[in-house]
Every structure is written in structure tokens, then in C-alpha cells.
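Dear colleague,

Here is the structure I said I would pass on. My notes follow below it.

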Amino acid sequence: MIRALVIIATFSSLTIPAFTQDSISKRITFSALKELNYVIKNDSSIVQITALKFYISNICFKHKDSSIYKVPNSFYLIDGLKLTDIELKIPFHYKESIVEFCIGIDSATNYEGALSGALDPSLGMYWTWQSGYINIKIEGVCSSCETRNNEFTFHLGGFQHPYNSLQKKEFKYRKNKNTLVLTFDINQWINQSDSFDDCTIMSPSSKAQNYAFLFSTFLKANND
Amino acid sequence: MINKMTLYTFLTGSIIILLALKEKVLIHQFEPWPPPYYSSNNSTKDSTKIELGKLLFYDPLLSFDSTISCASCHSPYNAFAHTDHSLSHGIKDRIGKRNAPALMNLAWQPIFMWDGAIHHLDMQALAPITHPDEMGNTLEEVLKRLNASSFYQAYFYQAYKDSLITSERVLKSLSQFMLTLVSSDSKYDQVSKGVAVFSEQEEKGYILFKQHCASCHTEPLFTNHSFQNNGLIKDSELNDLGRMTITLNSLDSLKFKVPTLRNIEFTYPYMHDGRFKTLTEVLNHYTSGISSGPTLAKQFERPLPLSSNDKVDIIAFLLTLTDQNFLFNKNFTFPRTLFLNLPKDVKK
């Protein structure tokens with residue numbers, strides 16, 4: 001009898017998951033850009049990315065029963081040139097769920113005054129001459145840009161109507177997987193027909209909105 | 001059946017009205033102050049933060065070459081406005097495009113700058129700190145200098161129980177000080193509280209003011225914080241389109257934020273580019289200088305019908321907005337003692 005109990009106890013301890021039944025760890029990994037140099041196929045322009053930064057915020061998990069778990073204080077500044085791992089502890093109920101987040105900082109947060117952490121205005125993602133966060137920052141060189149040193153500068157922001165450039169994305173975790181790996185497909189983005197019609201965008205506008213939207217469509221989940 | 005209370009109220013009310021009519025005193029309805037607009041997370045007001053904000057406000061260390069402080073353009077002797085200069089200037093004598101506005105009653109202000117570029121008091125300081133014609137610096141450099149100063153480390157420790165100086169702490173401390181700049185004790189305010197009376201001329205001016213000016217310069221803040229085109233001819237050199245610079249909306253072309261008229265006696269020159277030196281020039285503009293255009297405020301479709309006497313009366317009323325308690329308040333001036341000493345409970 002005792003031996004049976006011991007066997008059962010040992011077996012159970014080997015199969016009980018490493019987390020408690022109350023919460024589960026979900027990860028979102030933003031891959032580093034593997035390549036900084038690209039070629040635009042239709043005109044052979046050469047593009048080099050020198051900076052890529054963007055905000056991820058308001059992460060929430062949506063269950064198929066329509067319940068939603070909002071991760072509190074989820075503001076992250078991602079450096080696209082480096083690997084970033086975000087690990088979140090969420091209620092177990094949301095084990096199989098869709099994750100939704102914003103690319104950028106929402107309007108309400110923009111109205112909150114001086115903030116800290118990822119939202120610190122000294123991180124180079126806040127406009128000083130006109131209030132507001134820069135949602136996506138992409139800088140580099142494009143041989144077809146007729147700017148000084150062929151530089152292109154996309155500081156995509158704007159949180160007020162009609163130039164709110166906040167974007168929303170959602171991704172499904174693969175079954176039984178708790179990790180989501182995301183990458184920006186820069187190659188596809190630069191090969192859009194009008195990706196470098198403008199080489200400088202540094203204030204809220206419909207152009208900034210369009211670029212932010214376009215850019216967000218190329219954030220993709222890796223299929224591995 | 002009329003009950004005793006109603007009868008009593010009716011009789012008292014009638015007596016007051018009859019007495020007032022006898023004295024030919026008009027009973028004005030004064031607007032109460034609206035609730036403050038400013039709110040901030042993690043912002044607990046206290047004297048150590050106000051002190052720190054005051055030090056920062058008066059310290060030219062914040063500018064690139066350490067020559068210009070906030071007080072350089074927001075002078076404590078002139079209701080925190082920039083007088084004697086039509087356009088404000090910054091480091092290396094660079095001249096900007098606008099006249100620095102007066103600072104008062106900022107807690108009630110929802111939007112900042114002549115074109116409304118800034119929407120929260122905490123973030124306002126970033127604009128002049130980084131503008132090349134003003135303080136020409138970066139927030140990162142400001143933080144670097146403050147963190148390298150044992151003087152500021154001590155004051156930040158006193159205020160935040162941590163000597164690490166962050167953007168949030170710098171900006172919130174500045175806000176704390178700026179929020180103390182409240183002007184609500186002018187003769188006008190005393191009249192509104194019933195402890196003073198307008199002179200006959202001031203009274204006439206007040207009535208004219210309510211008729212012709214109060215739709216934008218709304219009491220008791222003397223601004224409704226809206227953006228208006230008040231008929232100023234665009235300066236061809238400055239080419240300042242005002243609000244449209246921010247919204248990109250052509251309907252906002254040549255619109256500028258309505259400033260407060262409180263302490264107007266002390267905040268010359270007037271308008272966003274300081275083009276008028278006297279209040280008489282301002283009123284003359286409204287009677288004979290309006291330049292029409294598609295975004296002109298409706299109030300100016302016809303010039304204001306003011307006689308010379310009317311203008312004098314209005315100016316007499318405007319002088320009642322001067323608040324000596326605000327203008328000469330020692331709590332707002334250069335903190336000489338603070339700059340000379342470390343805080344009392346400094347951690348060594």
C-alpha cells in the first residue's frame with residue numbers, strides 16, 4: 001500500500017506542471033533584425049536600417065468565451081535591432097487565447113503628464129516641441145532619398161484626432177505553446193511601392209498614420 | 001397660502017433691490033472659478049518639491065551654455081512674462097518667433113503655447129529646454145548635469161527620498177512650482193467677493209468689457225483657452241500660422257490661444273509676437289486695425305464700436321486685474337537662500 005502511494009506521489013510530482021494552477025507564463029519575443037541591408041527590387045535602391053524602435057502597449061489576452069485579461073501597466077519600448085523577451089504572468093484561464101496589443105502609446109496615456117520607465121521622455125521617443133510619444137521610429141539610409149546623406153527619418157506619432165497613428169495587432173498562440181516570436185519583415189515593407197515616397201516624417205499627419213499602418217502590417221509571427 | 005419663509009425672503013430681497021437702486025449700484029453676477037484642470041499620477045504636492053521646482057526654474061544650468069533659465073523669459077517682476085522685447089530671445093542672443101506668455105493660474109489651463117503644441121503642464125518645459133533659439137539643450141544633457149551635481153542630488157533626495165534624478169521628477173517638480181503661481185487677488189477679485197467697489201469709470205469699463213471682450217476673455221480666468229484669429233495681419237517675415245502649425249487644419253490658420261488678461265498692466269508687449277506696446281494700441285487695433293480673412297473670429301466681422309472714452313474706461317477696468325499680491329509675492333522670486341545652502345536634512 002505504502003509503496004503504491006510512493007509511486008503515485010513520485011509520478012504525480014513529475015507530471016504536475018512547473019507553474020501553479022492560478023497563473024501561466026506567456027512570452028512574446030521580438031526578434032532582432034537579422035539583416036540591416038536591403039535592396040528595393042524595382043529600382044535597385046539600397047536601404048540600410050540604422051534605428052528601429054517602437055512601443056508595445058495595452059497587452060491583453062482574449063479568451064474564446066469573450067473574457068479579456070488586460071495586463072496592467074504593459075508598456076514596453078522595443079529596440080528592433082536587439083532581441084527582446086517579454087514574459088507575462090496571466091491567469092490560467094487564458095492558457096489558450098489570442099494576444100492583442102497596440103503598437104504605440106494610446107491617447108489617454110499621452111494625456112497623463114510626465115511618466116517613467118519605458119514612458120520616460122528622455123528615451124528619445126517623445127516629441128518636445130509638440131506633446132506626444134513617437135510610436136514607431138525608423139531611421140536609416142536609402143540611396144533614392146534626396147535628403148542630406150540620403151537619410152530617411154520616420155518618427156511616426158500622433159494621438160489626437162484626426163492623426164491618431166496607434167495600431168492594433170493580434171496574434172494567436174499556437175496550440176500548447178506559450179511563446180510567440182515576432183519579426184518585422186523589413187524586406188517586404190521596403191518593397192511596397194510607396195515606402196520611400198517621403199523620406200522625412202516627423203510630425204502627426206495622415207502620412208504618418210499611413211506609414212504606421214503599413215509598417216504594422218509587416219509585423220509577423222514566425223512559424224516555428 | 002404663502003408661508004412665513006417665502007414672505008420673509010421676498011421682503012428681504014425687495015429691500016436689497018430697492019437699496020441698490022437707490023445707491024445706483026449694479027449687482028453683478030460673478031462667475032465662480034471652475035475646477036482645476038491639472039492632474040497627474042504620482043504627484044503629491046509638498047513644499048520640498050515646490051522648492052526644487054523653483055530652483056530648477058531659476059537655474060540657467062538647464063540651458064546649453066548655462067546662460068538662460070526659465071526666468072530669463074518668464075520674469076518674476078512682470079507676472080512671469082517677457083517685457084521690453086517683442087520676440088523672446090534665448091542662448092547666444094538668438095531671437096525666437098514669439099513673445100513668451102505670462103505664467104499664472106496654470107492649473108486651470110488645458111493647453112499651452114500660443115499654438116497649443118503642449119497639452120500637459122508637466123511636458124511644457126521640454127519645449128523651451130530643447131528649442132535651439134531658447135535654451136538649446138536636450139533633456140538627456142539636463143539630467144546628466146543635475147545627476148552630476150551634489151547640490152541637486154541633495155535637493156532631489158529631500159523631495160523624493162532618492163538622489164536619482166529622472167525626467168519625471170524634474171518635470172513634476174517644475175510643475176509643482178509653476179502651479180503655485182496663482183493670481184486671484186486683484187481689485188476685480190475683491191469686488192467679486194464684495195469687499196471692494198469699482199470706481200465709476202472702472203464700472204463703465206467693466207460693462208463695456210462684458211459686452212465686447214468677455215466672449216473670449218471669459219471671467220474669472222479672463223480667457224476661455226480657445227484659439228482665435230483676432231484680425232492681426234500676418235507678419236510676412238515670421239509667417240506664423242499659429243494653431244494650424246499643429247493641427248495642419250486650414251480652418252486653424254492664424255489662430256492663436258486667447259491669453260489671460262490678468263495682470264495685463266504688467267505683461268506688455270501684447271499679442272503672440274509682441275507687436276503692440278500699449279493697451280491703447282490693442283484697443284485701436286480692435287476698432288480700426290482688423291484684417292479680415294476666412295478664419296477671422298465672428299466677433300470681429302465689424303470693428304468694435306468703441307469711442308475714445310470707451311477705450312479709456314475699458315483700460316481702467318483692465319487695470320483692476322492687477323494683483324499686487326501675485327506680482328510681489330516673495331514666495332515666487334529668485335530663491336537666493338536656497339541656492340546658497342544645501343537642504344536642512346541633507347544626507348552626507
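I start with a residue in a loop of chain B. M113(B) is found between α3 (70-73) and α4 (121-124) of that chain. The model is a predicted one, and what follows should be read as a description of it.

The backbone at M113(B) has a phi near 85 degrees, a positive value in a residue other than glycine. Its relative accessibility is 26%, so M113(B) counts as partly exposed: the value falls between the 20% below which a residue is buried and the 50% above which it is exposed.

Chain A has a residue of this kind too. Phi of N73(A) is near 50 degrees, again positive without the residue being a glycine. N73(A) sits in the loop between β4 (68-70) and β5 (75-79) of chain A. With a relative accessible area of 71%, N73(A) is exposed.

Chain B in outline

Chain B contains 15 helices and two strands. Its C-alpha atoms fill a box of roughly 75 × 60 × 35 Å along the principal axes. The chain has 348 residues, of which 52% count as buried. The accessible surface of chain B is about 17,700 Å², and carbon and sulfur atoms hold 58% of that area. Among the contacts in chain B with a separation of 6 or more, 70% come from residues 24 or more positions apart. Positive and negative side chains number 34 each in chain B, and the centres of the two sets lie 4 Å apart.

Two cis peptide bonds in chain B deserve a look. One joins E219(B) and P220(B), with omega about -5 degrees. P220(B) is in the loop between α10 (200-212) and β1 (227-228) of chain B. Another cis bond joins Y268(B) and P269(B), and omega there is about -5 degrees. P269(B) belongs to the loop between β2 (256-257) and α12 of chain B.

The helix after that loop is α12 of chain B, residues 279-289. Which residues of α12(B) are buried? They are L279(B), V282(B), L283(B), H285(B), Y286(B) and T287(B). An α-helix has 3.6 residues a turn, so residues three or four places apart point the same way. Part of the cover over the buried residues of α12(B) comes from α13 (308-318) of chain B.

Chain A in outline

Chain A has four helices and 13 strands. Its C-alpha trace spans about 85 × 40 × 30 Å along the principal axes. Of the 224 residues in chain A, 46% are buried. The accessible surface of chain A is about 11,700 Å², with 54% of it on carbon and sulfur atoms. Residues 24 or more positions apart supply 73% of the contacts in chain A that have a separation of 6 or more. There are 22 positive and 21 negative side chains in chain A, and the centres of the two sets are 10 Å apart.

The sheet in chain A

Four strands of chain A make an open sheet in the order β6-β1-β11-β13, with mixed pairing. At its edges are β6 (84-91) and β13 of chain A, each of which pairs on one side only. From one strand to the next the twist averages 25 degrees.

Within this sheet, β1 (residues 23-30) and β11 (residues 179-184) of chain A run parallel and are joined by four bridges. T29(A) has V181(A) of β11(A) as its bridge partner, while F30(A) stands opposite L182(A) in β11(A). On the other pairing of β11(A), three bridges link it to β13 (residues 219-221) of chain A in the antiparallel sense. There L182(A) has A221(A) as its bridge partner. L182(A) is thus a place to follow the sheet across, from F30(A) to A221(A).

A buried loop residue in chain A

L119(A) lies in the loop between α2 (107-110) and β8 (134-142) of chain A. Is L119(A) buried or exposed? At 5% relative accessibility it counts as buried, because the cut-off for that class is under 20%. Leaving out residues up to four places away in sequence, L119(A) touches Y55(A), F75(A), I105(A), T109(A) and Y133(A). From L119(A) to K175(A) the distance is 56 residues in sequence and 33 Å in space, C-alpha to C-alpha.

Regards

Terms used: Residues numbered from 1 in each chain as written. Chains lettered and ligands numbered in written order. Predicted model: local features only at pLDDT ≥ 70, side-chain atom pairs only at ≥ 80, totals over all residues. Heavy atoms only, no water. Pairing = 2+ DSSP bridges. Axes fitted to C-alpha atoms, helices over the stretch in contact; angles between N-to-C directions. Buried < 20%, exposed > 50% of the residue type's maximum accessible area, 1.4 Å probe, protein only. Contact = heavy atoms within 4.5 Å. Areas by Shrake-Rupley, 256 points an atom, 1.4 Å probe, with all protein chains shown as cover. Lys, Arg positive; Asp, Glu negative; His and termini not counted. Charge placed at Lys NZ, Arg CZ, Asp CG, Glu CD.
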